Amino acid sequence: MIIKDTMVVIHLAKITMLEKSCGYFKDTAIPEAVRNEILFGKEKGYADVKVILDLIEAKKIIVKNVRNKGLIKKAEEFNMQRGEAEAVALYWQEKADYLATDDDNVRKKGTLLDIKVIGTPAIVLKLYKEKLIEREKFEESLSELRRIGWFSDTVIDKIKMEGLRWDRQ
């Protein structure tokens, strides 16, 4: 199972890779707070929200409640709020395999909190290595992520180089 936070869901939707990533990871879940943050985007008219809501309706993304509110408080003690705090809490609650997040704070504290973290660029690389996307889609996705501007050029270039190394194997 993979738990995704808001930014990963949005980034994957923007590069048209969200559904493919849900298929790869099989069980994909988001906490209620992430769904609410996505619904806020609907009010603002963001086009990618429809894709996300369609995948929730199709049950390719499951919305789960964090039953143990103490887990949310634990995440908040590490300077995490709303969607990120609930995503971390849901990861712990469900004993998930991955927490998909592009939040630097969560990523930096992943080892400390015993969380196996993966971000959008690494998900794109995984899909490419598993031959679920072609080279052209891999490069197009990285270019779009670069254009979005959330990730440093260093991160995008590193993932691109790993893809090139993979091609040579």
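This report walks through a predicted model of one protein, from its overall build down to a few single residues.

## The whole protein

Let's start with the big picture. The protein has ten helices and five strands. Its radius of gyration is 15 Å, close to the 15 Å that the globule rule gives for 169 residues, so the protein is as compact as a globular protein of that length. If you drew a box around its C-alpha atoms along the principal axes, that box would come to roughly 45 × 35 × 25 Å.

How much of the protein is buried? Buried residues account for 46% of the 169 residues. There is also a number for how the chain meets itself. Take the contacts with a separation of 6 or more: 65% of them are between residues 24 or more positions apart.

## Helix α3 meets helix α6

Now for a pair of helices. Two packed helices are described by the angle between their axes and the distance between those axes. For helix α3 (residues 32-44) and helix α6 (residues 82-94), the axes come within 7 Å and cross at roughly 150 degrees. An angle over 145 degrees counts as roughly antiparallel, and α3 and α6 are therefore roughly antiparallel to each other. The crossing where α3 passes α6 is left-handed.

Which residues make this contact? On the α3 side you'll find Glu32, Ala33, Val34 and Glu37, and on the α6 side Arg82, Gly83 and Glu86. Sorted by type, the residues of this contact come out as two nonpolar, one polar and four charged.

## Helix α3 meets helix α4

Helix α3 has another partner to look at. It packs with helix α4 (residues 48-57) at an angle of about 140 degrees, with the two axes 9 Å apart. That makes α3 oblique to α4. The crossing of α3 and α4 is left-handed.

From α3, the contact uses Arg35, Ile38, Leu39, Gly41 and Lys42, while α4 brings in Val49, Ile52, Leu53 and Ile56. What kinds of residues are these? In the contact of α3 with α4, six are nonpolar, one is polar and two are charged.

## Val9, a buried residue

Find Val9 in helix α1 (residues 6-14). Is Val9 buried or exposed? Its relative accessibility is 0%, so Val9 counts as buried. Leaving out residues up to four places away in sequence, Val9 touches Lys4, Leu18, Ile30, Ile38 and Ile52. Two of those names may ring a bell: Ile38 of α3 and Ile52 of α4 also take part in the contact between those helices.

You can also pair Val9 with Ile123, which sits 114 residues away along the chain. The C-alpha atoms of Val9 and Ile123 are separated by 11 Å.

## Glu19, partly exposed

Glu19 is part of helix α2 (residues 18-25). Its relative accessibility is 44%, so Glu19 counts as partly exposed. What does Glu19 touch, once its neighbours within four places in sequence are set aside? Its contacts are with Leu55 and Lys60. As for Ala58, 39 residues from Glu19 along the chain, the C-alpha atoms of these two residues are separated by 11 Å.

## The loop between α5 and α6

Next, look at the loop between α5 and α6, where you'll find Phe78. With a relative accessible area of 26%, Phe78 is partly exposed. Not counting residues up to four places away in sequence, Phe78 touches Asn105, Lys109, Leu112 and Leu113. The C-alpha atoms of Phe78 and Gly23 are separated by 31 Å, and these residues are 55 apart along the chain.

Asn79 is found in the loop between α5 (69-76) and α6 as well. What is its phi angle? Phi of Asn79 is near 65 degrees, a positive value in a residue other than glycine.

## Lys131 in another loop

One last stop: Lys131, in the loop between α8 (120-129) and α9 (135-148). Phi of Lys131 is near 60 degrees, again a positive value in a residue other than glycine. Is Lys131 buried or exposed? At 68% relative accessibility, Lys131 counts as exposed.

Technical notes
Residues are numbered from 1 along each chain as its sequence is written. This is a predicted model: local features need pLDDT of at least 70, side-chain atom pairs count only at pLDDT 80 or more; totals for chains, interfaces and linings use all residues. Side-chain values use heavy atoms; hydrogens and water are left out. Axes are lines fitted to C-alpha atoms, for helices over the stretch in contact, and angles run from 0 to 180 degrees between N-to-C directions. Helices (H or I, at least four residues) and strands (E, at least two) are DSSP runs, numbered from the N terminus. Angles under 35 degrees count as roughly parallel, over 145 as roughly antiparallel, 65 to 115 as roughly perpendicular and the rest as oblique. A crossing is left-handed if the near helix is turned anticlockwise from the far one by less than a right angle, and right-handed if clockwise. Contact means heavy atoms within 4.5 Å. Ala, Val, Leu, Ile, Met, Phe, Trp, Tyr, Cys and Pro count as nonpolar, Asp, Glu, Lys and Arg as charged, and the others, Gly among them, as polar. The radius of gyration is taken over C-alpha atoms; the globule rule is 2.2 Å times the number of residues to the power 0.38. Buried means under 20% relative accessible area, exposed over 50%, partly exposed in between (1.4 Å probe, protein chains only).
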